[in-house]
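Subject: The structure you were going to look at

Hi,

Here is the structure I said I would pass on. Have a look at it first, and then read on for my notes.

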Amino acid sequence: MNLFRRFLIVAVGAALLGAGSVSCAQGLRPHEPLDPAKAQSLPLTPLEIQTQDGTRHKFSVEVADLPQTRAIGLMHRVVLPPDRGMLFDFGESTRVTMWMRNTFIPLDMLF
């Protein structure tokens, strides 16, 4: 898997919050109300990343490789375990922009 052509979003420390208290980055509200029925669930694929110092980090990721799956991404989820994430595969090296609309969990993006 050529990671130079893919984008990985990994949620760090995401946790289900108390009912009715959904937190959003910088206090902003998403465009739509939370609707877990709109969340997608793609098959999990193992991913291991080795840092320059040799440390290995293991993840289970969903691969969004179609325009429809990339468009939905991680929208409408209220929890994502720390060892989970999503790869956005565009199939080629290209300039992309990402907008995390309707995302109710904190995310870290790695390019």
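Below is what turned up, going from the overall fold to one hairpin, one arginine and one pocket.

Please keep in mind that this is a predicted model.

**The fold**

The chain contains one helix and five strands, and along the sequence they come in the order β-β-β-α-β-β. Of its 111 residues, 29% count as buried. If you take the contacts in the chain with a separation of 6 or more, 69% of them are between residues 24 or more positions apart.

**The hairpin**

Strand 2 (residues 44-50) and strand 3 (residues 56-64) pair in the antiparallel sense, with seven bridges. To find your way along this pairing, you could start at P46, whose bridge partner in strand 3 is S60. Five residues sit between the two strands of the hairpin, and G54 there takes a positive phi near 95°.

**The arginine**

R77 is one to click on. You will find R77 in the loop between helix 1 and strand 4 (84-89). Is R77 buried or exposed? Its relative accessible area is 11%, and because the cut-off for buried is under 20%, R77 counts as buried.

What does the side chain of R77 meet there? One polar contact, at 2.8 Å, is with the side chain of E62. In addition, a polar atom of the R77 side chain lies 2.6 Å from the backbone oxygen of Q40. E62 belongs to the stretch assigned to strand 3 (residues 56-64), so to speak the hairpin described above. Setting aside neighbours within four places in sequence, the residues in contact with R77 are A39, Q40, S41, E62, M86, F104 and I105.

**The pocket**

The second largest pocket has a volume of about 230 Å³. Of the 14 residues that line this pocket, R70, A71, F88, M98 and W99 are the closest to its centre. Which element gives the largest share of the lining? That is helix 1 (residues 67-72), which supplies three residues. Sorted by class, the lining of the second largest pocket is made up of nine nonpolar, three polar and two charged residues.

If you open the model with these notes beside you, R77 with its contacts to E62 and Q40 would be a good place to begin, followed by the pocket lined in part by helix 1.

Best wishes

Note on methods. Residues numbered from 1 in each chain as written. Predicted model: local features only at pLDDT ≥ 70, side-chain atom pairs only at ≥ 80, totals over all residues. Heavy atoms only, no water. 1 Å grid on protein atoms, 1.4 Å probe; cavity = no way out; pocket = protein on both sides within 12 Å on 5 of 7 lines; lining within 4 Å. Points joined across faces, edges and corners; volume = space filled by probe spheres on them. Helix = DSSP H or I, 4+ residues; strand = E, 2+ residues; numbered from the N terminus. Nonpolar A, V, L, I, M, F, W, Y, C, P; charged D, E, K, R; others polar. Buried < 20%, exposed > 50% of the residue type's maximum accessible area, 1.4 Å probe, protein only. Polar contact = N/O pair within 3.5 Å; in protein donor to acceptor, adjacent residues only side chain to side chain. Contact = heavy atoms within 4.5 Å. Pairing = 2+ DSSP bridges.
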